[in-house]
Amino acid sequence: MQFTLEDITADEIDRRRGVYGPLTDSVRDLIDAVIRTEVDAADIDVARRRIDEVVADLRSRQIDGSYGVRFNTDAVGMPWGNAVMGVRNAIAPPVRTVADREGVTAEFTLGAAYEGPAHHVHGGVCAMVLDQVLGEAAAADDIPCFTGTITVTYRRPTPLGALSARAEIVDRDGRKKIVRGTLSDADGVTAEAEGVFIVPKNWSGPSNLK
Ligand SMILES: CCCCCCCC/C=C\CCCCCCCC(=O)SCCNC(=O)CCNC(=O)[C@H](O)C(C)(C)COP(=O)(O)OP(=O)(O)OC[C@H]1O[C@@H](n2cnc3c(N)ncnc32)[C@H](O)[C@@H]1OP(=O)(O)O
């Protein structure tokens, strides 16, 4: 697993977050607008051409391949391409966790772009969010862990809208951590997950990634 060290200050990371975060927000808004717009075909055609121009501008200078997981010398992580929380990924809802003594919690909104059953969250998206949140609970006091096995139990359909997730380590056994978590709406739990998260054998990245 390759991580990239960038020799930059925390201020520089904040500056970059300030540059790319709003761009990502605008693109996320674009995704939602594309799903929900009812403007006529001619306007769609104009919009498509304008979007294609913006894409060409952005591609005039770009990296090869994906963003990777980067960190600086203070172990501040920049997993900015991450599908669930990446600062530069408009597909990410984003889901950002807050750690406490027992585990991690996240509050987030899943809109029209995450639909599976009508007006409800796609089961794969529920699993993806839970994987990330359980993974962050596993890593909260340690190095990032791989998901070995994750089991999701869907208790009832998860409505699109405001949601929360919570995860805690419930057991440790050598390099394995058993983590449990939940996805909830305002009325309570909609899905539960249990996972085996495994500390990688030959870790070459930093510990305690922030
Ligand atoms: C790490 C990347 C994240 C970086 C992000 C950093 C920035 C953000 C900071 C922090 C947030 C992090 C949040 C991330 C959340 C998302 C996580 C993902 O999506 S990870 C991608 C999906 N998962 C894979 O692709 C794994 C693919 N599988 C493998 O690479 C290996 O199979 C691996 C590492 C899982 C195990 O390989 P071995 O060689 O270490 O395993 P052996 O030494 O044989 O076994 C060790 C123990 O683990 C058990 N084990 C092995 N594989 C297992 C499995 N699949 N399920 C359950 N147990 C397993 C074994 O039975 C053994 O247990 P006994 O010691 O005997 O009790």
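These legends walk you through close-up views of a predicted model of one protein chain with its ligand.

**View 1. The whole chain, for orientation.** The protein chain has three helices and nine strands. Read from the N terminus, these elements follow the order β-α-α-β-β-β-β-α-β-β-β-β. Along the principal axes, the C-alpha atoms fill a box of roughly 60 × 45 × 25 Å. Of the 210 residues, 23% count as buried. Take the contacts between residues at least 6 apart in sequence: 64% of them join residues at least 24 apart.

**View 2. Two domains and where they touch.** The domain assignment splits the chain into domain 1 (1-92) and domain 2 (95-198). Their C-alpha centres are 23 Å apart. Seven residues from domain 1 and eight residues from domain 2 make up the contact. On the domain 1 side, five of the touching residues are nonpolar and two are charged, with no polar ones.

**View 3. The ligand and its shell.** Where does the ligand sit relative to the two domains? It lies between them, because domain 1 and domain 2 both give residues to the shell around it. There are 23 residues around the ligand, and those that come nearest are Gly-135, Pro-144, Gly-148, Thr-149 and Val-196. By type, the shell holds 10 nonpolar, seven polar and six charged residues. Helix 3 (123-139), strand 6 (146-154) and strand 9 (188-198) each supply at least two residues of this shell. The largest share, five residues, comes from helix 3.

**View 4. Helix 3 and its surroundings.** Having met helix 3 at the ligand, you can now look at the helix itself. With 17 residues at 1.5 Å a residue, helix 3 should span 24 Å, and its end C-alpha atoms are indeed 24 Å apart. Is helix 3 largely enclosed or open? Buried residues make up 12 of its 17, so helix 3 is largely enclosed by the rest of the structure. Among the buried ones are Cys-126, Val-129, Leu-130, Asp-131 and Gln-132. Gly-135, one of the residues that come nearest to the ligand, is buried too. The buried residues of helix 3 pack against strand 4 (97-99) and strand 5 (103-110). Their other packing partners include strand 6, strand 7 (161-173), strand 8 (176-185) and strand 9.

**View 5. The span annotated in UniProt.** An unreviewed UniProt entry lists residues 120-190 under "domain: Thioesterase". In the model, this span is 24% helix and 49% strand. The C-alpha atoms at its two ends lie 11 Å apart.

**View 6. A cis peptide bond in a loop.** The peptide bond from Pro-93 to Pro-94 is cis, and its omega is near -10 degrees. Look for Pro-94 in the loop between strand 3 (77-78) and strand 4.

**View 7. Two loop residues with positive phi.** Ala-75 is not a glycine, yet its phi is positive, at about 65 degrees. You will find Ala-75 in the loop between strand 2 (69-71) and strand 3. With 13 other C-beta atoms within 10 Å, Ala-75 is partly exposed. His-119 also has a positive phi, near 65 degrees. The loop that holds His-119 runs between strand 5 and helix 3. His-119 has 11 other C-beta atoms within 10 Å and is exposed.

Methods. Residues numbered from 1 in each chain as written. Predicted model: local features only at pLDDT ≥ 70, side-chain atom pairs only at ≥ 80, totals over all residues. Domains from an automatic or database assignment. Contact = placed C-beta atoms within 7 Å. Nonpolar A, V, L, I, M, F, W, Y, C, P; charged D, E, K, R; others polar. Near = placed C-beta within 6 Å. Helix = DSSP H or I, 4+ residues; strand = E, 2+ residues; numbered from the N terminus. UniProt positions renumbered as here; feature names shortened; annotations may be inferred. Buried ≥ 20, exposed ≤ 12 C-beta atoms within 10 Å, placed from the backbone. Expected span 1.5 Å × (residues − 1).
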